[in-house]
Amino acid sequence: MPAIYIHVPFCRRRCAYCDFCSSVAAPETISAYADALIRNIRACAPLNLTAETVYFGGGTPSLVSAADMNKIMSAVRESFALPPSAEVSAEANPDSADYEKLAAWRDAGINRLSLGVQSCKDNELYRLGRLHNFSQAENAVKNARKAGFENISCDLMLGIPEQTPETALESVNRICDMGVCHVSAYMLKIEEGTPFDCDEIRSSLMSDDELSDMYLMAAEALEKRGLAQYEISNFSREGCQSRHNLTYWTLGEYLGFGPSAHSLFRGKRFFVPHDISGFINSEFQRIEIEDEHPDFLQEYVMLGLRLCKGIELDGLGEKAEKILPALEPLKRANLVKTGGGRLRLTRRGFLVSNGIIARLLEILEK
Ligand code: SF4
């Protein structure tokens with residue numbers, strides 16, 4: 001039962017910090033892209049698969065017209081069995097999420113919305129190069145509710161130039177005031193080759209310690225507002241965790257459509273090259289093998305430790321014995337916890353997760 005990921009690699013304008021696969025394009029190009037998606041989705045019909053989740057990510061899926069989104073969703077339904085309980089998510093930006101579009105999306109079967117809000121402070125949004133202000137974000141949430149969306153998530157960015165602990169807390173609270181049931185809180189990372197990859201921006205960023213404190217403060221504030229942490233960056237009300245993303249973190253199968261989309265299917269990892277015009281102009285997407293023999297034990301540790309519930313030590317087989325001594329100092333430093341046969345990172349451990357995971361993998365590989 002694979003999850004379906006559909007990439008929409010278009011944005012109105014590129015944000016200054018972003019290195020995702022997306023570009024600015026005319027509406028005709030986006031429509032031609034939708035047609036290419038439909039061809040590729042239909043090609044999967046003979047596999048007779050059931051999909052429990054579908055996720056439109058980007059880029060900016062809310063740039064796809066209501067009519068094209070409807071056609072894509074029809075192709076998904078014709079090519080995969082979608083149970084009534086399926087989670088169908090789409091990302092949207094506040095400046096392109098008007099009521100008519102959201103109502104049409106709801107009619108097309110999309111039942112979860114992920115809004116790129118990022119901050120409640122317009123100066124911070126401006127610094128990020130976002131095209132919306134916070135009042136547009138509030139309107140987008142209102143429009144989504146009116147259109148029938150109950151499952152709404154907002155992205156929140158931590159570590160924005162000019163952001164302070166006070167403004168970050170204000171963003172947490174104003175996002176929570178909108179009554180959303182899920183928040184993804186990401187720390188700004190400077191990606192190579194983006195406009196943010198320059199001395200002026202680097203020198204305006206807070207220190208790692210300040211950013212760590214901001215993360216801990218935001219996590220606590222989100223939990224106080226009823227959104228429990230379930231993954232390094234994700235918080236939700238009961239029953240509102242992203243089932244699609246949980247598929248990735250628990251090594252479930254998924255099929256990706258569109259340039260730069262990845263798949264894990266029948267034990268192999270695949271990807272589609274980052275070539276938007278090649279995707280539009282070819283009958284079918286070029287699928288390349290990324291890893292013919294993934295090391296699932298390694299991935300189990302890397303992905304599972306992102307989750308608050310962590311991993312089952314039994315899942316490591318006889319190698320579990322090897323890591324137990326290395327866990328003792330980490331436990332004393334309050335970075336990991338064990339119990340009930342599981343190993344998990346604490347919230348402080350999440351802040352240094354890369355180092356901890358690298359150390360555990362090194363031991364497992366010996
Ligand atoms: S809208 Fe999202 S995908 Fe597009 S440039 Fe901005 S951050 Fe990147």
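How many C-beta neighbours does E162 have inside 10 Å, and does that count as buried, exposed or partly exposed? The count is 14, so E162 comes out as partly exposed. Keep in mind that this is a predicted model. Below is a quick tour of its ligand shell, one helix, a small sheet and some backbone oddities.

**Around the ligand**
- The ligand's surroundings include C11, R14, C15, C18, F20 and S22.
- G58, G59, T60, N93 and G116 are also around the ligand.
- Sorted by class, that shell holds 4 nonpolar, 6 polar and 1 charged residues.
- Two of those glycines share a backbone quirk: the peptide bond from G58 to G59 is cis, with omega near 15°.
- G59 itself sits in the loop that links β3 and α2.

**Helix α2**
- Helix α2 takes in residues 66–79, which makes 14 residues.
- From first C-alpha to last, α2 reaches 20 Å, close to the 20 Å expected at 1.5 Å a residue.
- Its buried residues are D68, M69, I72, M73, A75, V76 and S79.
- Look down the axis of α2 and those buried residues fall within an arc of 155°, so they line one face of the helix.
- On the face turned away from that buried side, α2 carries the exposed residues A67 and E78.
- Several elements help cover the buried residues of α2, including β1 (3–8), α1 (27–42) and β3 (53–58).
- β4 (80–81) and α3 (99–108) are also among the elements covering them.

**A three-stranded sheet**
- An open sheet is built from 3 strands in the order β15-β17-β16, with antiparallel pairing.
- β15 (311–312) and β16 (336–339) are the edge strands, each with a single partner, so one side of each has no neighbour in the sheet.
- β16 and β17 (residues 342–345) run antiparallel and are joined by 4 bridges.
- One pairing to look for is T338, whose bridge partner in β17 is L343.

**Backbone oddities**
- As a rule, most residues other than glycine have a negative phi, and most peptide bonds are trans.
- Q118 has a positive phi of about 75° although it is not a glycine.
- Q118 belongs to strand β6 (residues 112–118), and with 26 C-beta neighbours inside 10 Å it counts as buried.
- E162, the residue from the opening question, also has a positive phi, near 80°, and is not a glycine either.
- You'll find E162 in the loop between β7 (151–158) and α6 (165–177).

Note on methods. Residues numbered from 1 in each chain as written. Predicted model: local features only at pLDDT ≥ 70, side-chain atom pairs only at ≥ 80, totals over all residues. Near = placed C-beta within 6 Å. Nonpolar A, V, L, I, M, F, W, Y, C, P; charged D, E, K, R; others polar. Helix = DSSP H or I, 4+ residues; strand = E, 2+ residues; numbered from the N terminus. Expected span 1.5 Å × (residues − 1). Buried ≥ 20, exposed ≤ 12 C-beta atoms within 10 Å, placed from the backbone. Arc of directions from axis to C-beta. Contact = placed C-beta atoms within 7 Å. Pairing = 2+ DSSP bridges.
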